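Here's a quick walk through one protein, written for someone who'd rather look than read. Have a glance at the sequence and the fold, then read on.

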Amino acid sequence: MRADLFTAIGNKQLFERLKPEEQVENSGGSDKFGQAIFKALEQVDERIRRADDLTKQFAVGEPVELHDVMISVQEANLALATLVQVRNKAVEAYQEVMRMQI
């Protein structure tokens, strides 16, 4: 398993654009939504990296329990699958809005 969310998403530039700006003052909720999305992406990326690190440690013979490796890999798989489904729903909602007649 490759621990790189950029590869899984396929677009590092998109990931960089999702980073919230440091000093943006906005009274709307879009800023909070962007921060929540970015935080979720970071959490998925961290789980994938942790699973990859534990897998590498186990492979070279370091003292890592097999069940810890398997649990972290399954958590990473579930987190990535959830992220993909959220993305699919967001794309579907966008397409539905674009089909609306005004």
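What follows covers the overall layout, the core, one helix, the charged pairs and a surface patch.

**Overall layout**

Keep in mind that this is a predicted model. The protein has four helices and zero strands, so reading from the N terminus you simply get α-α-α-α, where helices and strands are taken from DSSP runs. Buried residues account for 21% of the 102 residues. As for contacts with a separation of 6 or more, 56% of them link residues that are 24 or more positions apart. The exposed surface comes to about 8,100 Å², with carbon and sulfur atoms supplying 55% of it.

**The core**

Which residues make up the largest nonpolar core? There are 11 in all: L41, V44, I48, A51, L54, V64, V69, V73, A76, A79 and L83. Two helices, α3 (30-59) and α4 (66-99), each supply at least two residues of this core.

S72 is worth a look here too. This serine sits in helix α4 and has a relative accessibility of 2%. The cut-off for buried is under 20%, so S72 counts as buried. Leaving aside residues up to four places away in sequence, S72 touches R50, A51 and L54.

**Helix α4**

How far apart are the end C-alpha atoms of α4? They are 49 Å apart, and the 34 residues should span 50 Å at 1.5 Å a residue, so the two values agree. The buried residues of α4 are V69, S72, V73, A76, A79 and L83.

**Charged pairs**

Side chains of opposite charge can pair when their charged atoms come close. How many salt bridges does the model have? The count comes to three, and here they are:

| Salt bridge | N to O distance |
|---|---|
| R49 and D45 | 3.0 Å |
| K56 and D52 | 3.3 Å |
| R99 and E96 | 2.9 Å |

Start with R49 and D45, which are four residues apart in helix α3 and therefore separated by about one helical turn. R49 is partly exposed, at 36% relative accessibility, whereas D45 is buried at 10%.

K56 and D52 also lie four residues apart in helix α3, so about one helical turn separates them. K56 is partly exposed, with a relative accessible area of 48%, while D52 is buried at 8%.

R99 and E96 belong to helix α4; they're three residues apart, which again puts about one helical turn between them. Is R99 buried or exposed? R99 is exposed, with a relative accessible area of 55%, and E96 is partly exposed at 43%.

**A nonpolar patch on the surface**

Finally, have a look at Y94, V97, M98 and M100. These residues form a nonpolar patch on the surface, and together they have about 460 Å² of accessible area. One of them, V97, lies in helix α4. V97 has a relative accessible area of 49%, so it counts as partly exposed. Helix α4 therefore takes in V97 from the patch as well as buried residues, including V69 and L83.

How values were computed. Residues numbered from 1 in each chain as written. Predicted model: local features only at pLDDT ≥ 70, side-chain atom pairs only at ≥ 80, totals over all residues. Heavy atoms only, no water. Core = buried A, V, L, I, M, F, W, Y, C linked by side-chain atoms within 4.5 Å. Buried < 20%, exposed > 50% of the residue type's maximum accessible area, 1.4 Å probe, protein only. Contact = heavy atoms within 4.5 Å. Salt bridge = Lys/Arg side-chain N within 4 Å of Asp/Glu carboxyl O. Expected span 1.5 Å × (residues − 1). Patch = residues over 30% accessible without salt bridge, like charges linked within 9 Å, V, L, I, M, F, W, Y side chains within 5 Å. Areas by Shrake-Rupley, 256 points an atom, 1.4 Å probe, with all protein chains shown as cover.
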